[in-house]
Amino acid sequence: MKDKVNILGVYVDMVSIKQAADMIMDFFGEDKLHKVYTPNSEILMVAYKDPEFAKLLNDAELLTADGIGVVYASKILGRPITERAAGYDIACDVLDRIKGTEHSVFLFGGKPGVAELAKEKLEEAYPGIKIAGTRNGYFKPEEEADIVSEINNSGADLLFVCLGAPKQEQWLARNAQGLQGVRVAMGVGGSLDVFAGTVLRAPKWYCDHGLEWFYRLKKEPWRAKRMLALPKFAVTVLLHGRSKKYKQD
């Protein structure tokens, strides 16, 4: 399943949540690391301006549309993605499938204490899930090798990297070769805080109608400036939708 849509030079997989989870389950059977990223329109704009970051995203084995803006862009470009496949939703689907199996997950990211709290909540929500280890997202560059060793020694074959974009994708690009037993590494941003319950996700109605951004804006008005990236993204897609050329500031 390799149908993709070129959005500003980044090739996003045209998959639903279920299809993405199906692919991830298949990845477990392959003897190599698979990187899974879930870009939204803001991340695609970063990639449009930064060819190195765009290359990094395109190096992933799976890229899904985490953002209604990305879904709308695919429709503008005539290759519509059927639904928003957010990292959180895909992660939940995969966790539900691997509970009670030999698969285990390592939680990496968040403020001190958040990963541990997420572990407790996930063990309640998914009886039989194996959480192999946790590590907060605060570290110095010289600590990265120790973090990789900790993940490897945990025996986890699924890794959630929750450092926020582009930091999580850059971390995975630097450390992919050192991750020995991990078969799937997902960059899932703020999902760890949602798992822990320290951040509430938008109600289902908002998510289903592509209005999660509006709910977040109501709850966090300081995001207003960041939300201006959405209309800028739409205009850029209309003008340069399939462009492989990168804008330089």
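Strand β8 is covered on both of its faces, with V184 and M186 buried on one side and A185 and G187 buried on the other. This description, like everything that follows, concerns a predicted model.

To see where β8 belongs, one can turn to the open sheet of 6 strands, whose order is β4-β3-β8-β7-β5-β6 and whose pairing is parallel. The edges of this sheet are taken by β4, residues 62–63, and β6, residues 131–135, and because each of them has a single partner strand, one side of each is left without a neighbour in the sheet.

From the β4 edge the reader can move inwards, beginning with β3, residues 34–37, which pairs with β4 in the parallel sense over 2 bridges. Within this pair, Y37 stands opposite L63 of β4. On its way to β8, β3 is joined by 4 bridges, and these two strands run parallel; here K35 has A185 of β8 as its bridge partner, and A185 is one of the buried residues already met in that strand. The pairing of β8 with β7 is likewise described as parallel, over 4 bridges, and in it L158 has V184 of β8 as its bridge partner.

Between β7 and β8 the chain adds a helix to the picture, since β7, α8 and β8 make a right-handed β-α-β unit. Helix α8, residues 167–175, packs on the sheet and touches β3, β5, β7 (158–162) and β8 (184–187), while its direction makes about 135 degrees with that of β7.

The interior can be followed through its nonpolar residues. The largest nonpolar core has 43 residues, and those with the most contacts inside it are I7, F108, L159, W171 and L179. Helix α2, residues 41–49, gives the largest share of this core, namely 5 residues. Apart from this core lies another, of 35 residues, among them A91, I129, F160 and L192.

F108 offers a closer view of these surroundings, for, leaving aside its neighbours within four places in sequence, F108 is in contact with a set of residues that includes L159 and W171, as well as F160 and L192. Of these contacts, L159 and W171 are, together with F108 itself, among the residues with the most contacts inside the largest core, whereas F160 and L192 are among the members of the other core. The contacts of F108 also include R135, N136, G137 and F139, along with I147, V161, C162 and L163.

Definitions and conventions:
Residues are numbered from 1 along each chain as its sequence is written. This is a predicted model: local features need pLDDT of at least 70, side-chain atom pairs count only at pLDDT 80 or more; totals for chains, interfaces and linings use all residues. Side-chain values use heavy atoms; hydrogens and water are left out. Two strands pair if DSSP finds at least two bridges between them. Contact means heavy atoms within 4.5 Å. Axes are lines fitted to C-alpha atoms, for helices over the stretch in contact, and angles run from 0 to 180 degrees between N-to-C directions. A nonpolar core is a set of buried Ala, Val, Leu, Ile, Met, Phe, Trp, Tyr and Cys residues joined through side-chain atoms within 4.5 Å. Buried means under 20% relative accessible area, exposed over 50%, partly exposed in between (1.4 Å probe, protein chains only). A crossover is right-handed if, with the strands pointing away from the viewer, the path from the first strand over the helix to the second runs clockwise.
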